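Grab a pencil and work through these exercises with the model open beside you. Each task is followed by a solution that goes step by step.

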Amino acid sequence: MEGNRCHVVIVGGGIAGLAAAWYLRQGGEGVRVTVLDGARRVGGKLLATEVAGVSADAGAEAMLARRPEGKDLARMVGLGEELRHPGATQAAILSRGTLRPMPKGHVMGVPSDLTSLARSGILSPGGLARVPLDQILPATLVGTDVSVAAYIRARMGSEVVERLIEPLLGGVYAGQADRLSLDATMPRIAIAARSERSLLAATREIVAEAPKDAGPVFTTLRRGMGSLPEAVAEASGAEIRTGVMVREMRRSGSGWQLVAGPVPEPEVIEADAVIVATPGPSASRLLAGEAPLAAAELARIDYASMAIVTLAYPREAFPQPLTGSGYLVPPVDGRPIKAATFSSVKWPHLAEADPNLILLRCSIGRLGEEAVLQRDDAELIALAMAEMVEVMGVRGLPRDSRVTRWGGSLPQYDVGHLDRVARIRAAVAGQPGLALCGAAYDGVGIPACISTARTAAARILDHLDPTGEWQKRADSLTS
């Protein structure tokens with residue numbers, strides 16, 4: 001503590017760590033915040049760079065608009081007028097070599113409308129005939145958490161899992177339905193699994209209960225989601241230090257000592273409280289000495305790697321105008337590209353930046369498919385170009401291209417994830433002045449990460465100022 005000011009160190013400068021710094025500022029002038037990140041920049045998986053002269057996201061391109069945390073933070077750091085909504089939202093499935101529309105009324109790929117499902121042509125006749133059997137089969141007992149695939153396959157058959165669920169989950173988690181937790185990734189379906197016999201009937205109820213005027217599902221920023229971290233960092237008033245790798249963390253009296261920098265010349269940083277906002281593996285290493293139970297659980301969270309290939313084509317390269325937001329690819333079809341986004345169609349502001357340019361994003365890599373990511377950038381670009389020629393009939397070469405690799409970027413919410421997170425938090429609860437936040441816990445999306453940041457900041461402020469005066473100040477600032 002310096003005079004009357006408490007020093008809080010945040011390890012990790014992704015959006016969760018930066019949001020935690022901003023929320024800590026709402027505690028008043030009595031808190032000094034330092035953000036440490038081993039990378040050369042802050043922002044984590046949020047990054048925008050130029051392609052063919054247009055600024056476009058190289059990482060996460062959007063955030064859920066129906067959760068308030070992301071939009072609210074953007075507004076509070078001065079980016080409210082930058083928010084943009086998609087111009088196209090209808091995605092397709094590239095199934096058995098043909099682009100087919102996503103059926104209407106699905107919930108994360110779980111169908112509710114059999115007529116729309118049949119018209120889509122995504123399932124084979126046999127796969128389609130299997131789905132309505134859900135309505136007459138005995139109940140599938142779900143006591144504890146199970147995998148997404150296990151439950152949905154039992155109710156609707158394998159093809160629904162392979163050709164609808166897998167591509168949707170692959171787009172969010174780059175994971176596998178046979179491993180991913182039903183409770184953690186499809187909570188509304190999980191509730192239905194414990195209360196309804198028919199999944200089809202339950203999904204229809206979920207769709208019917210959804211608000212009809214909720215507005216767009218996603219939103220982004222005019223200069224890309226990559227513009228959010230810098231704005232949050234500046235608004236937080238925190239000291240931002242990049243290129244500083246924290247190697248160790250230990251108790252020091254009522255506070256903490258962090259050891260950073262190279263081993264021959266270590267830097268010891270004193271803190272009254274610490275927020276760890278790094279991915280699971282690095283958080284595990286930092287907590288090993290003081291919170292070994294939490295560290296052991298964090299070490300068990302797997303991470304998937306992926307790459308995004310962005311291509312910029314002249315508009316005349318496409319024989320037909322692009323429609324829809326893009327398409328997803330079932331892994332059962334064995335294609336290296338797992339998804340393609342028609343960025344210039346999905347986000348009209350990108351088309352306005354250069355009306356003669358079409359920007360596309362191709363996602364490559366799922367859990368267990370790391371071999372394809374070992375290819376060099378030129379090979380990944382060639383794969384994406386070949387995909388566009390085959391699927392979209394593109395003619396000629398792109399004007400520009402960009403490859404962005406995200407190694408170990410997406411946490412896998414395997415079966416039992418919610419219980420694991422509960423054990424991690426219970427272990428950390430016994431460590432005063434310590435909190436965690438990030439994508440490893442309650443959701444991989446930007447609003448979910450921001451929510452964990454706010455919770456972590458509140459825990460630290462409660463520790464530093466148990467009178468609750470900080471909450472009154474924060475309420476007055478954010479109201």
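**Exercise 1. Find the bridge partner of leucine 258, then describe the hairpin around it.**

Start with the residue itself: leucine 258 has isoleucine 269 of β13 as its bridge partner. Keep in mind that you're looking at a predicted model. Next, zoom out to the strands. β12 covers residues 255–260 and β13 covers residues 267–271; the two run antiparallel and are joined by five bridges. Finally, look at the connection: six residues sit between β12 and β13 in this hairpin, and glycine 261 in the turn shows a positive phi of about 85 degrees.

**Exercise 2. Do the same for β3 and β4, and say what is odd about the turn.**

Step one, the pairing: β3 (residues 48–51) and β4 (residues 54–57) run antiparallel, with four bridges between them. Step two, a pair to click on: opposite threonine 49 you'll find alanine 56 in β4. Step three, the turn: this hairpin has two residues between the strands, and alanine 52 lies in that loop. Here's the odd bit: alanine 52 isn't a glycine, yet its phi is positive, about 50 degrees. Is alanine 52 buried or exposed? Neither label fits, because its relative accessible area is 27%, which makes it partly exposed.

**Exercise 3. Track down a positive phi in the loop between β7 and β8.**

Walk along the loop between β7 and β8 and stop at arginine 96. Its phi is near 55 degrees, so we have a positive value in a residue other than glycine. Now check the accessibility: arginine 96 comes out at 37% relative accessible area, hence partly exposed.

**Exercise 4. Lay out the seven-stranded sheet and find the helix packed on it.**

First, write down the order. The sheet is open, its pairing is mixed, and the strands go β8-β7-β16-β17-β18-β15-β19. Second, mark the edges: β8 (98–101) and β19 (400–411) each pair on one side only. Third, the twist: ignoring direction, neighbouring strands are turned by 30 degrees against each other on average.

Fourth, pick one pair inside the sheet. β16 (residues 326–328) and β17 (residues 337–341) run antiparallel and share three bridges; tyrosine 327 is partnered with alanine 340 in β17. Fifth, add the helix. α15 (residues 377–392) packs on the sheet, and the strands it touches include β7 (91–95), β15 (303–314) and β18 (357–364). The direction of α15 makes about 60 degrees with that of β15.

**Exercise 5. Decide whether cysteine 437 and cysteine 449 could be counted as a disulfide here.**

Begin with the tally: the structure holds zero disulfides. For cysteine 437, the nearest cysteine sulfur is that of cysteine 449, 8.3 Å away. The cut-off for a disulfide is a pair of sulfur atoms within 2.5 Å, so this pair doesn't count. How accessible are the two residues? Cysteine 437 is at 0% relative accessibility and counts as buried. Cysteine 449, at 6%, counts as buried too.

**Exercise 6. Map the domains and set them against the database record.**

Take the domain assignment first: domain 1 is made of 6–44 + 224–301 + 414–478, domain 2 of 100–209, and domain 3 of 304–411. Then place two of them in space: the C-alpha centres of domain 1 and domain 3 are 34 Å apart. Now turn to the record, where an unreviewed UniProt entry lists "domain: Amine oxidase" for residues 15–461. Over that range the chain is 36% helix and 23% strand, and its end C-alpha atoms lie 19 Å apart.

Notes:
Residues numbered from 1 in each chain as written. Predicted model: local features only at pLDDT ≥ 70, side-chain atom pairs only at ≥ 80, totals over all residues. Heavy atoms only, no water. Buried < 20%, exposed > 50% of the residue type's maximum accessible area, 1.4 Å probe, protein only. Domains from an automatic or database assignment. UniProt positions renumbered as here; feature names shortened; annotations may be inferred. Pairing = 2+ DSSP bridges. Axes fitted to C-alpha atoms, helices over the stretch in contact; angles between N-to-C directions. Contact = heavy atoms within 4.5 Å.
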